[in-house]
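Biologist: Mind walking me through this one? Bring it up and we'll talk it over.

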Number of protein chains: 2
Amino acid sequence: MTDMCRENGSLYEAPIGVFDSGVGGLTVAREIMRNLPNERIVYFGDTARVPYGSKSKDTIIRFSKQIIRFLQTQNVKAIVIACNTASALALEEVEKELDIPIIGVVKPGARVAAGVTKNGRIGVIGTESTINSHMYKQLIQEYNPDIAVYGRPCPLFVPLVEEGWLKDSVTEEVAKRYLKDLLEQDIDTLILGCTHYPLLRSLIGKIVGEQVHLVNPAYETAKELERLLEREGIANPGEKAPGKEPYRFFVSDAADKFKNFANSILPYDIETTRKINIEEY
Amino acid sequence: MTDMCRENGSLYEAPIGVFDSGVGGLTVAREIMRNLPNERIVYFGDTARVPYGSKSKDTIIRFSKQIIRFLQTQNVKAIVIACNTASALALEEVEKELDIPIIGVVKPGARVAAGVTKNGRIGVIGTESTINSHMYKQLIQEYNPDIAVYGRPCPLFVPLVEEGWLKDSVTEEVAKRYLKDLLEQDIDTLILGCTHYPLLRSLIGKIVGEQVHLVNPAYETAKELERLLEREGIANPGEKAPGKEPYRFFVSDAADKFKNFANSILPYDIETTRKINIEEY
């Protein structure tokens, strides 16, 4: 840690590393910016190998380790896995080797869902890999083994969001099919278990109705990060994120396209993104 | 070539290397098996980094070079890029460095389309990267500069095919939207410029009507390969593909899932697929 302090001023001022398979994790970065405005961020989107949601555990772990090695070259003080798939499949494995704190989006989402359900019936939607990992179910039942958890992969949601069809009859029809079984299970809580899904929040809310509480793990993760930084004594006490460029963005492919999508999600315009060869890490 | 002959019996009996970003290129492998039953095949699907269709030229070239280096370790006598995106973006660059013949799916598709159109108005559908490369247009106009070529990216088609919704009202609605502009251009020929699209052939045919000729580059590529092997004098003169395992399959992720999809496309069951780390090549 001494080296880090010497290089970057104080450890308090070191950035948070945030990573995702692509652009989706920006919904998590956005919540961190809103809730922890005094923290710097280094974001990495693995746009050359996106998506992760249909890939195997071994591959997701290998990709995550490469990204963590890259983020460590940026002297981050903590890491947030802003990708449900990587959080579900790789967090347990990668945290063993790391000497800085790391959190994913799954645990904070699971804890809040377990707390808000009244009838003990929770639905989870996400990628195929996230749902098949049963990680949300496992974590929810660690809080309360009596809760029933129903998962449903929704593989068309990400391409529909990236097509920009957020409020569209096709997307509505697809969502109705995907959510039908969950609604028949009488769930009262639904976890939006993929970083793209909060962008479909209003459409999903219309289909499931007001009686179903929607949990956005992105928001819960920002709150969890806040508690973590306090607990570890590494929160930045300053009033705003320090440095000339408090938020830095790296990708593994096509920086321009990432920038356009990012500028539609974030509350300000990104000026530069840097492309790196992640396979070298 | 001497080493290859010594290792594998004769050069005639050496396999054809076929690669794609994932499973889609199996529609090309299938046409090669049907039309050149005496040739061995080594297939590689880059399932760890699929899809290519939304990624940049630099990245596609880098991935293609790694795969070609891997295929060369398998002593292939020729290579087929069974992926429209990689054919459009990388073929020109990679063929410069190669001492064995290599072909892609774009040129054979373009040549046939240029030959069959009567009114000189051709539509092309494919991934974003394929369409934005304008490679079909460029090649068609090399055959006949008077032909008008209209491109349309269809990013939802691949996930819809992978969801298995081949004859489905949602897929039909999406296809109607995607094809509307092309039909207004009065095309009489439509190139199915992505290896997944032949699986939507009947649905697309219903929407565009019988007066529009559908071109399947997979079939045209198998015919082109046949001519190439004859011309180079390296076709296998035997009556069937030699060796205990004439067709071998390699992937970069999750061999089991690939096998299931492959067994639904190919006319026989794949027994083994091997997973390799493509980033090491």
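Modeller: Sure. By polar contact I mean a pair of N or O atoms within 3.5 Å; within protein, one must be able to donate a hydrogen and the other to accept it, and residues adjacent in sequence count only if both atoms are side-chain atoms. This is a predicted model, where local features need pLDDT of at least 70, side-chain atom pairs count only at pLDDT 80 or more, and totals for chains, interfaces and linings use all residues. Residues are numbered from 1 along each chain as its sequence is written, chains are lettered from A and ligands numbered from 1 in the order in which they are written, and side-chain values use heavy atoms, leaving out hydrogens and water.

Biologist: Which side chain does the side chain of Asp46(B) make a polar contact with?

Modeller: Asp46(B) is buried, at a relative accessible area of 0% (buried is under 20%, exposed over 50%, partly exposed in between; 1.4 Å probe, protein chains only). Its side chain has a polar contact at 2.9 Å, and the partner is the side chain of Arg49(B).

Biologist: Which residue of chain B comes closest to the rotation axis?

Modeller: Chain B can be laid on chain A by a turn of 180° and a shift of 0.0 Å along the axis, with an RMSD of 0.0 Å (least squares on the C-alpha atoms of residues with pLDDT of at least 70 in both). That is the relation of a two-fold axis. Closest to it in chain B, at 2.3 Å (C-alpha), is Arg49(B).

Biologist: And Met33(A), is that buried or exposed?

Modeller: Met33(A) is in helix H2 of chain A, residues 26-35 (a helix is a DSSP run of H or I, at least four residues, numbered from the N terminus). With a relative accessible area of 9%, Met33(A) is buried.

Methods. Helix = DSSP H or I, 4+ residues; strand = E, 2+ residues; numbered from the N terminus.
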